[in-house]
Amino acid sequence: MAAQTRRLDGGDLALQREVAGKRLVWLEERGYSRPPGWPLPAEPVSPRRAFELFFFEYVGVDPEELPVVDESNSRITWLSENPCSTLEACVRLGLDTREVCRAVYEKPTQMFFSQLDPRLRFVRDYSTLRPHAPHCRESIVQVDLEEYMREAIYEAQASKAEGNKGYGAVLVMGDRVIARERDSVSTDGDPSQHGELKAICETARILGKTDLCGALLVSTCEPCPMCAGLAVWSNVTTIVYGSSIEDTAAMGRTRIMVGAAEIAERSPFTLEVIGGVLKEECDRLYA
């Protein structure tokens, strides 16, 4: 099949929003949705339950068409073999499913699972995606956001010890930490060297791509407009932070009073924002 290489365009984004909206309405109508952010739901949602809810109850797939090949308390992996209208359309139009599925469906699928429990992350193996493979290999993993934040706090403490301002960031793909960074504005003499920016750039270098769809950016403090904007342009899926811009401004920190959620709301790309993770521990960095 001759594939066309395409950038994410307005049509992709409009369809992405439409798909996401339908999924969130379905959850809300059945009482599954929850307010965005922190704290966690009272009862954790297992990867198995999220898998069954999405594919069997929402999509209506026959369980025999999604054989589970690996499962634990924190992960479920299956092979999608069900009839797929997107696959059929891509084959007919000569489009590459690896591009179309990432552009249109990955973020709405993640939003569905995040509404159930923000610790649930959707992972798709794009090297085994139909028609380039006999099936699509996909997973839901349950991650520990607080543990990632502790790693970011460690970076922030190291930043302060080096004479910088004390911001730390970690970038995660699935359940794999790709980059751990901290601000180095003072030591490098470069005002752009924020921890979040460095984590995004390092991840792009390691992965060899600038589209970081699926990425989870964890920061001790709500990213500034520069870093939140870079998260948008690199197509990061989720920002998680501890202290907010308003929190740190009240502690005497100089901040641009534009939050990550506002950047996300005005963005052409879908960006999930979750605040308040280990807030007290992060606040102590800036008090």
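Leucine 171 stands opposite alanine 179 in β6, within a pairing of strand β5 (residues 168-173) with β6 that is antiparallel and extends over 6 bridges; two strands count as paired if DSSP finds at least two bridges between them. Helices (H or I, at least four residues) and strands (E, at least two) are DSSP runs, numbered from the N terminus. The model is predicted, so that local features need pLDDT of at least 70 and side-chain atom pairs count only at pLDDT 80 or more, while totals for chains, interfaces and linings use all residues. Residues are numbered from 1 along each chain as its sequence is written, and side-chain values use heavy atoms, with hydrogens and water left out.

**The five-stranded sheet**

- The open sheet of 5 strands follows the order β6-β5-β7-β8-β9, and its pairing is mixed.
- Because β6 (176-182) and β9 (272-274) stand at the edges with a single partner strand each, one side of each is left without a neighbour in the sheet.
- Neighbouring strands of this sheet are turned on average by 15 degrees against each other, direction ignored; axes are lines fitted to C-alpha atoms, for helices over the stretch in contact, and angles run from 0 to 180 degrees between N-to-C directions.

**Helices on this sheet**

- Helix α8 (residues 195-207) lies across β5, β6 and β7 (215-221) and runs at about 140 degrees to β6, where contact means heavy atoms within 4.5 Å.
- Helix α12 (residues 279-286) also packs on the sheet, where it touches β7 and β8 (238-243), and its direction makes about 65 degrees with that of β8.

**The enclosed helix α5**

- Helix α5 (residues 106-116) is largely enclosed by the rest of the structure, because 10 of its 11 residues are buried, that is, under 20% relative accessible area (exposed is over 50%, partly exposed in between; 1.4 Å probe, protein chains only).
- Among the buried residues of α5 are Glu106, Lys107, Phe112, Phe113 and Leu116.
- The elements covering these buried residues include α1 (10-29), α2 (47-59), α4 (97-104), β3 (120-124), β4 (136-142) and β9.

**Strand β2 and its partners**

- Strand β2 (residues 75-80) is mostly covered, with 5 of its 6 residues buried.
- A hairpin through 2 residues joins β1 to β2, and strand β1 (residues 68-72) pairs with β2 in the antiparallel sense over 4 bridges, with isoleucine 76 in β2 as the bridge partner of glutamate 71.
- β2 also pairs with β4, again in the antiparallel sense, over 6 bridges, and leucine 79 stands opposite arginine 137 in β4.
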